[in-house]
Amino acid sequence: MIQFILNHNAIQLDNFQADKTLLDFLRLDRDLKGSKEGCASGDCGACTVVIVELNDLGDELSYKSINSCICLLGSLHGKQVITVDSLKSDNGLHPVQQAMVDQHGSQCGFCTPGFVMSLFAMSKNKVVAQRNEVVENFDGNLCRCTGYRPIIDAGLALLNQSFSDDYDQISQQTIEALKQISYPDSTENKTFFLPKTARELSQLIQQNPEARLLAGGTDLVLEVTQGLQALEKIIYIGHVKELKQITETDNDIILGAGVTYQECEKVLSQEFPTLKTHLERFASTQIRNVGTLGGNVANASPIGDMPPVLIALDASLVLQKGDATRTVKVDDFYTGYKQTVLEQGEFLRNIVIPKNKPDHHLVVYKISKRHADDISAICAAFYTHVENQKIISIRIAMGGMAATVKRAKKCENFLTNQIVNGRTLDNAKDKIAEDFEPISDVRATRKYRILMAQNLLERSMIESGFVDLEGK
């Protein structure tokens, strides 16, 4: 059994298909046709809805936009879902909708509901916006008519005025209603499990080895919507408290595997300021709201955007099986394409990232066809320790250059203890070409990837001030 609030109505489902998406539930089961299916992969934003949850203290509501096409129904337990269908009231259009009308932001109209809900979520978070903030908020919404200017104008017009809507008026009732939702026994449903602790999660994995683990679902659910496969048993980790924690020690930042990118962005950007731009380019707002760092790591994709960073920073992973844990370096976690050292019954519990060190410099580059919401052709991370212009140590990790994320060890060894000038940089570029044997695919050719890796190495040295190009 799951319980949630859909717009203003309490929903209780005793039986539901484990791999049923929220979008299918809205359109097919509830006849709420405002949310559109455009891509079924979380790329276009036409299906955007807003999820409302209690904050950690249980006294305020948090609002976030998500893609309903890749959100599984069972993950909604204890939350509220707001769809575009509920915004209009007896008083007329919602202020967000009215802003779109006033600024002529609705063209063919297919993408409009998604833009409206992204703007609705932003308005609920009380953002007084500049143009770049509005653009970033819409990074997961595509307009097929290519008319973004009036949509952005609608955002600017709305977010720089104050207003109250029906949801504001009943916010306290919503808080109380969400508090009243109790968690079901983790074994009550035989196909969709909702553990609350790491121990419960571990037990469920042991008892249901065929079950798939669900965090944000931004990759897993594509097996349903794009691959047309059936996921018959799912264990959702979104309520496991240990996996949602962010803690710091004197030396490390420890992130639970279920922490979303949006949740970890602040602490990581404070510790590594150069990482902020990279995190903002990761997927889209809707994806970052639900996608987890643990999912990106455990997915073992060679083009994941965070594993190169974690390897460059010499991060570690805490793996749990039963009550026992072990720690492995991210560098040692991947054994082949989409393969890891995870054993049967074992799961990723924490990511441990060493804090930034004096005289160390992190730079990260993502090369993709679109600025946002796109997969990398190559992702490169450089973490360099420099004293008196000499490279004491350097770690270079790249995605998209091999079957796994891989370090450029020949290049690292060559640059160690070097004062870099133009000649040594040229030699280092030759070394990095020896480190990788990338393939050609739809995103880039082998030749392009090698050249780009060399250019990114040079760029990292120049932008960090480590190289004298005149010193041949």
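**Exercise 1.** List what phenylalanine 4 touches, leaving out residues up to four places away in sequence, and place Phe4 in its core.

*Solution.* Step 1: take contact as heavy atoms within 4.5 Å. Phenylalanine 4 then touches Asn9, Ala10, Ile11, Leu13, Phe25, Leu73, Leu76, Gly78, Lys79, Val81 and Ile181.
Step 2: define the core. A nonpolar core is a set of buried Ala, Val, Leu, Ile, Met, Phe, Trp, Tyr and Cys residues joined through side-chain atoms within 4.5 Å; buried means under 20% relative accessible area, exposed over 50%, and partly exposed in between (1.4 Å probe, protein chains only).
Step 3: the largest nonpolar core has 83 residues, and Phe4 and Leu22 have the most contacts inside it. A second, separate core of 32 residues includes Phe115, Cys143, Ala154 and Leu158.

The model is predicted: local features need pLDDT of at least 70, side-chain atom pairs count only at pLDDT 80 or more, and totals for chains, interfaces and linings use all residues. Residues are numbered from 1 along each chain as its sequence is written, and side-chain values use heavy atoms, with hydrogens and water left out.

**Exercise 2.** Check the span of helix 17 (residues 422–435) and find how its buried residues are arranged around the axis.

*Solution.* Step 1: helices (H or I, at least four residues) and strands (E, at least two) are DSSP runs, numbered from the N terminus. The expected span of a helix is 1.5 Å times one less than its number of residues. For the 14 residues of helix 17 that gives 20 Å, which agrees with the 20 Å between its end C-alpha atoms.
Step 2: the buried residues of helix 17 are Gly422, Thr424, Leu425, Ala428, Lys429, Ile432 and Asp435. Seen down the axis, they fall within an arc of 150 degrees, so they line one face of the helix; the arc is that of the directions from the helix axis to the C-beta atoms.
Step 3: the cover over these buried residues includes strand 18 (390–399), helix 16 (409–415) and helix 18 (446–463).

**Exercise 3.** Describe the salt bridge between aspartate 168 and lysine 124.

*Solution.* Step 1: a salt bridge is a side-chain nitrogen of Lys or Arg within 4 Å of a carboxyl oxygen of Asp or Glu. Here the N to O distance is 2.9 Å.
Step 2: aspartate 168 lies in helix 6 (residues 166–169) and lysine 124 in helix 3 (residues 112–124), 44 residues apart.
Step 3: aspartate 168 is partly exposed, because its relative accessible area is 23%. Lysine 124, at 7%, is buried.
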